[in-house]
Every structure is written in C-alpha cells, then in structure tokens.
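Visitor: I am new to reading protein models, and I would like to be walked through this one slowly. Could we take the sheets before the helix?

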Amino acid sequence: MRSPTGVARLIGSTVEIFPVPEWLSSTLSGTQFGSLRRQYIRSTGGKTAGATKETTGATEPVLEYSIRMNPRAFTTPGLSLAPTGAALGAEIRGLDVCELTGAEFAAVHRAWLDCSVLLFRGQHLSDADLIAFSRRFGGLDWAPIQETGRRFVEGHPEIYVVSNVIENGVPIGSLGSGEAVWHTDMSYLERPPKASILYALEVPPSGGDTWFCSMYGAYESLAPALRDRISHLTLKHDATYNSGGYVRQGVTAVDDPVTSPGVYHPLAPVHPESGRRVLYLGRRRNAYIAGLPLAESETLLDELWSCATRDDLTWRHQWQPGDLVLWDNRSTMHRRDPFDPDSRRILHRTQIQGETVPAA
Ligand code: OGA
Ligand code: MN
C-alpha cells in the first residue's frame, strides 16, 4: 500500500485527504472513487502521524477519523448518478430497473452501498417486477403481517403494503396516515433485512414525505468517550409496535422496555460490507440497553437519539408515482411525515434478507 502524500483535513467529525493523490484520482470515478478512497484512508487507520488539523492550525496527529461519504456524480452511457448533496442518498437516472444488465446492476449495487439510499424515478413495475428486481440483491423476507391480520398481497407473500386506503371497511395496508417515527425495518428479528425497497403506486398531493438518516454519520458524530462507552453495549429492539404506533399482530402490548419482547443487537455494529461502524438504534419506543438500570438506559438512549436525527444527517424524499427507493437497512433509519387521511397513498415494499447478524 502506498503511503499518504497529502495532509488530512478535519471537517467536523470527518477527514478528507488533500491533495487526492494523482494515482488514485486518475484511475477512479464516481462511486468507485468514494469507496476506494475510503479503503485507502482506512488502511492507514489511526496511524496517520503526518495528518494535521489544518482547520485549527494544531499539529497533533488525527488519531481517529473517518471519511465523509461523498460520491461524485458520474455519467456513463445510459446511466447517471446524482448525489442528493445531503449526508446520504443519490438518484440514478436512465435505468429501467426491470432491464438491468449485469454491469448496470453492479453499478447500482455499488452505489447503494456507497450512498445508502437510491432513488429511481418513472418506473412501471408489477408486483412480480418489484420482486424480480429485489431478488437480485438476495433472498427476500416475507412481509410482516399487516395490522389487520391480513398477511400479504395475494400470491406475493414478499410484498408489504404501506397504505391508508380502506376498501370495504378493511385497510389494504399498514401504517395509516399518521407519522411513522424514525426506525429501521424489522430490527426486532435476529437477522434483520439488509435492504428494503419501496415502490410508489399512488401518493397524496402533499405530505407523506419519507426521511432518511445516515447511521454512519450518527456514529461518526459521537464524541470518542461516548463511542467507547457504547462499544460493548447491546440494545433491545422492540417487537411490540410498528413505526406507525400500531401493535404488531399476535403481540400483547407491553410498555415496560425491560420486559417487552424484542431482540438484542450491538449498539455499534460493523457494517458487514463497508467495514464501517454504525450507530444501530432501530426504534426508540421500548428500547432498552442490556444490563443498565432503566433510567440510565433512557438517558443514554436520549443522548444517542439526539445525535442520530440531526438535520445534517438526513435527506427527505418527496414521492411521485413510479418512484422506487432502495435503502441499506443497516446504515440508515427512516421516518414518514403524516398526510391528509382523506387522500390516497399506496406503496409496495419488499425486504431483502440479511446474510449476517449485526456484530460489533
Ligand atoms: C416502510 C416505511 C414509510 C413510508 O415501508 O418501511 O417505513 O414512507 N414506510 O410509508
Ligand atoms: Mn419502515
């Protein structure tokens, strides 16, 4: 491995290397650039004695740092990637997700890991198409049971319907029209899905925007002492309530975080594909940090949550019919704004199986 020739500049909690060595920039482009630059910096890990805090003029080595995810926009024939400019998210233009070649899929997969959330507009998908595209990422989980006890779309147990629409007195989907609070999908499972894909069929004229938050950024924004403190802690991810506040099917509501049903995961696992650490919070309600007195768990969780949902770590998506949004469920959380209950909103979701359990 070559040694760094530039200096590292501290920007907030992230460091960028300047100048980017010519050998690196000349061989890479787009999202590749982002990921390889990260590898390069990590490989010098904690030992970059030459790195100085230029912003403060101080000369002490930067011993702990990470690189801001900043993939460059790029265009190749038939495909372009436009980062949102926020801490996460990019739009991919020029692709019909039903017709991806192997090379296009590889580019999408790379961009998904680098940007955590991808938006494709103007798609025309049947449920079978949505499933076929989703399967390219891995096996699919069956959808959670809807609040009504209804299981899924007839013939497609992989599809979860997110909707406020009521037909013949019965809701056709879950989550209603209220706010869906910040959460990660299905983290109450031992092995939560690694990705979710949401496809918009009908959307209201306003409201119902979905927000995403970078849990890489959340982890990186924590003070070193706080990172140390959580490094060996595990957190219970509640299985009682869904993000709309509804009790899951077959569960008796328990509002004591210590005894409520759920599964424990590390608070700061390493993302199995990027190698970067995330803050893994799942959802706030009934969350409980193993082994702590409840009051202490609550205080620490409040502190962690206030870091996780800061504006500069989020990106907001305003839906149009035909939008398909794919997110990395290990490096993000999401929430949804409420919308007019008299308007119609219908989205279909798939969830791609995790291949590993979250591990610190
Ligand atoms: C989901 C979800 C939010 C939304 O489908 O997992 O949280 O925008 N949906 O409806
Ligand atoms: Mn969700």
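Guide: We begin with a term: two strands pair if DSSP finds at least two bridges between them. Please keep in mind throughout that this is a predicted model.

Visitor: Over how many bridges do strand 14 and strand 15 pair?

Guide: Three strands form an open sheet in the order 15-14-16, and their pairing is antiparallel. Within this sheet K236 stands opposite Y264 of strand 15. Strand 14, which covers residues 234-238, pairs with strand 15 in the antiparallel sense, and the number of bridges is five.

Visitor: Which strands stand at the edges of the sheet with the order 11-19-13-17?

Guide: This open sheet has four strands, paired in the antiparallel sense. An edge strand has a single partner, so one side of it is left without a neighbour in the sheet. That description fits strand 11 (180-183) and strand 17 (314-317).

Visitor: In strand 17, which residue is the bridge partner of T210?

Guide: Strand 17 pairs with strand 13 in the antiparallel sense, over four bridges. The partner of T210 in strand 17 is H317.

Visitor: Why are the buried residues of helix 7 on the same side, and which residues are they?

Guide: An α-helix has 3.6 residues a turn, so residues three or four places apart point the same way. The buried residues of helix 7 cover an arc of only 50° around the axis, which puts them on the same side. The face turned away from that buried side carries the exposed residues A295, D302 and S306. The buried residues themselves are S297, L304 and A308.

Methods:
Residues numbered from 1 in each chain as written. Chains lettered and ligands numbered in written order. Predicted model: local features only at pLDDT ≥ 70, side-chain atom pairs only at ≥ 80, totals over all residues. Helix = DSSP H or I, 4+ residues; strand = E, 2+ residues; numbered from the N terminus. Buried ≥ 20, exposed ≤ 12 C-beta atoms within 10 Å, placed from the backbone. Arc of directions from axis to C-beta.
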